[in-house]
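Colleague: Hello! I am new to this structure and would love to go through it with you, one question at a time.

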Amino acid sequence: MKKFRIMLVVVILLFVCNINLYAASLGSKLLTPTEGWKRVNDSDSRISYIGELYYTNWSHGTVYDGDIHGQTSPDQQQICFNFTGTKIRTYGVGYSGMNNGNMIIIDGVEYEMANWSQLPNNDMGLTFEKTDLEDKEHYVKIVGNGSERMYFDCVDIDENAQLKSYNENVIIEPSLDIESVSKIKEGQELVADIVIHNVSDIYAEDIKIKYDANLFQYVGYENVEGLEVYNSPEDKNGELRFIIASKGKENVAKDNTIIIKLNFKATKAGEGLIDITQGHIANINEEFDIEEKKCGEKNIIIEEVKDVNLNGEFTLIDLAIDGYYYGMSAADTNTTKYHADVDDNGDIQDVDLKLIVCELLSNSNYEPNN
Ligand SMILES: [Ca+2]
Ligand SMILES: [Ca+2]
Ligand SMILES: [Ca+2]
Ligand SMILES: [Ca+2]
């Protein structure tokens, strides 16, 4: 009986995990948007339909809001709209035996959608998903691509994003962003790349950065090849300013150019912010500010490091234990007694020994420090 109950729990767990795992696979029948998404129905006036379409109150299976836009000769048809944010899901209705899919074109880039036999027959299902788009306004066209028909039920976008009427000439504003790891261990260093977007002809930048000085220590900056910092940046209690210029017209800053690399060390566990607070940029004709909301930020989680012999502090014995295990994999150490793999990457390497020494030097209880 007990065995049976355990098996039942395992089966239920597998079932629940399965649902989560495959929630967004093609063909998924998501009758409501999942967390972080919002839904717009096919009848929304911001979506335009080109070509001879018939509008259907669907009575065969379940669709969103009881309706779809359908077409049985979709080669002459287009479904068009714009949306903001980084992600999109579209839903259609399946029709078994049909193998051709439609095509979705986002910002001029073509992607294949699910073919109709991948979807639940006569029911709604996910026809396309993309979640790694740049955070800006995108223009979308759904076209036939030789498919026998096109059934469009609804579209999901980021819950904070907007669906808009179709417009290929989207005005894209310049922005600055920070790219770095999202998680780091106390004592480790990180590189934060400052990246400029949606520009084509910029030769100088004047930027201000603010970071959480309780959790990070500013180590310094690195120039990117072809660009140079020409001021002498001073760390004013967590605030930094960099004035950068390109070295020659071949080093123009354009979309996705890294303009500087900043090095920080995580000094304390917690959640810390590195924030671009001001951006002023120039081409050879004009200079202008980047809107504050377009000056990005990065939130970084700093995880506490456990000492090696688990007595709550780092001393020379912790270093000795890692010296003993050096070069081994964490699985081959005595993991019940020791946390030798300080950075939890699977091996005992220099990085672990460096972390121990860093922690040991800041331990006021460690006698040789006093
Ligand atoms: Ca619908
Ligand atoms: Ca900012
Ligand atoms: Ca210890
Ligand atoms: Ca390690």
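Colleague: Which residue in strand 11 is the bridge partner of Arg89?

Modeller: Happy to help, and please keep in mind that this is a predicted model. Strand 6 covers residues 88-93, and 5 bridges join strand 6 to strand 11 (residues 150-158), the two running antiparallel. Within strand 11, Arg89 has as its bridge partner Asp156.

Colleague: Which residue in strand 9 is the bridge partner of Gly92?

Modeller: Strand 6 also pairs with strand 9 (residues 124-130), in the antiparallel sense and over 6 bridges. Within strand 9, the bridge partner of Gly92 is Gly125.

Colleague: Are the residues on the faces of strand 6 buried or exposed?

Modeller: Ile88, Thr90 and Gly92 lie on one side, with Arg89, Tyr91 and Val93 on the other, and both faces are covered. Since 6 of the 6 residues meet the criterion, strand 6 is largely enclosed by the rest of the structure. The residues on both of its faces are buried.

Colleague: How many other C-beta atoms lie within 10 Å of Phe128?

Modeller: Phe128 sits in strand 9. Leaving aside neighbours within four places in sequence, its contacts include Arg89 and Thr90, along with Ile104 and Tyr111. A residue needs 20 or more other C-beta atoms within 10 Å to be called buried. Phe128 is buried, and its count is 22.

Colleague: What distance separates the C-alpha atoms of Phe128 and Tyr91?

Modeller: Along the chain, Phe128 and Tyr91 are 37 residues apart. In space, their C-alpha atoms are separated by 7.1 Å.

Colleague: Let us move along the chain. What distance separates the centres of domain 2 and domain 3?

Modeller: The domain assignment gives domain 1 (21-164), domain 2 (175-303) and domain 3 (316-369). Taken over C-alpha atoms, the centres of domain 2 and domain 3 are separated by 33 Å.

Colleague: Which feature does UniProt place at residues 176-274?

Modeller: Over that stretch the chain is 0% helix and 58% strand, and the end C-alpha atoms are 13 Å apart. The UniProt record, an unreviewed entry, places here the feature "domain: Cohesin".

Colleague: In what order do the 4 strands of the open sheet come?

Modeller: The pairing in this sheet is antiparallel, and the twist averages 25° from one strand to the next. Strand 13 (175-179) and strand 17 (216-222) each have a single partner strand, so they stand at the edges, with one side of each left without a neighbour in the sheet. The order is 13-15-20-17.

Colleague: Which residue in strand 15 is the bridge partner of Leu176?

Modeller: Strand 13 and strand 15 (residues 189-197) run antiparallel and are joined by 5 bridges. Leu176 is also one of the residues with the most contacts inside the largest nonpolar core. In strand 15, its bridge partner is Ile196.

Colleague: Which strand gives the most to the largest nonpolar core?

Modeller: That core has 29 residues, and those with the most contacts inside it include Ile194, Phe264 and Ile276. Strands that each supply at least two residues include strand 16 (204-211), strand 20 (257-266) and strand 21 (270-282). With 5 residues, the most is given by strand 20.

Colleague: One last thing: how many residues are in the second, separate core?

Modeller: This core includes Ile68, Met124, Val140 and Tyr151. Its number of residues is 28.

Conventions: Residues numbered from 1 in each chain as written. Chains lettered and ligands numbered in written order. Predicted model: local features only at pLDDT ≥ 70, side-chain atom pairs only at ≥ 80, totals over all residues. Pairing = 2+ DSSP bridges. Axes fitted to C-alpha atoms, helices over the stretch in contact; angles between N-to-C directions. UniProt positions renumbered as here; feature names shortened; annotations may be inferred. Core = buried A, V, L, I, M, F, W, Y, C linked by C-beta atoms within 7 Å. Buried ≥ 20, exposed ≤ 12 C-beta atoms within 10 Å, placed from the backbone. Domains from an automatic or database assignment. Contact = placed C-beta atoms within 7 Å.
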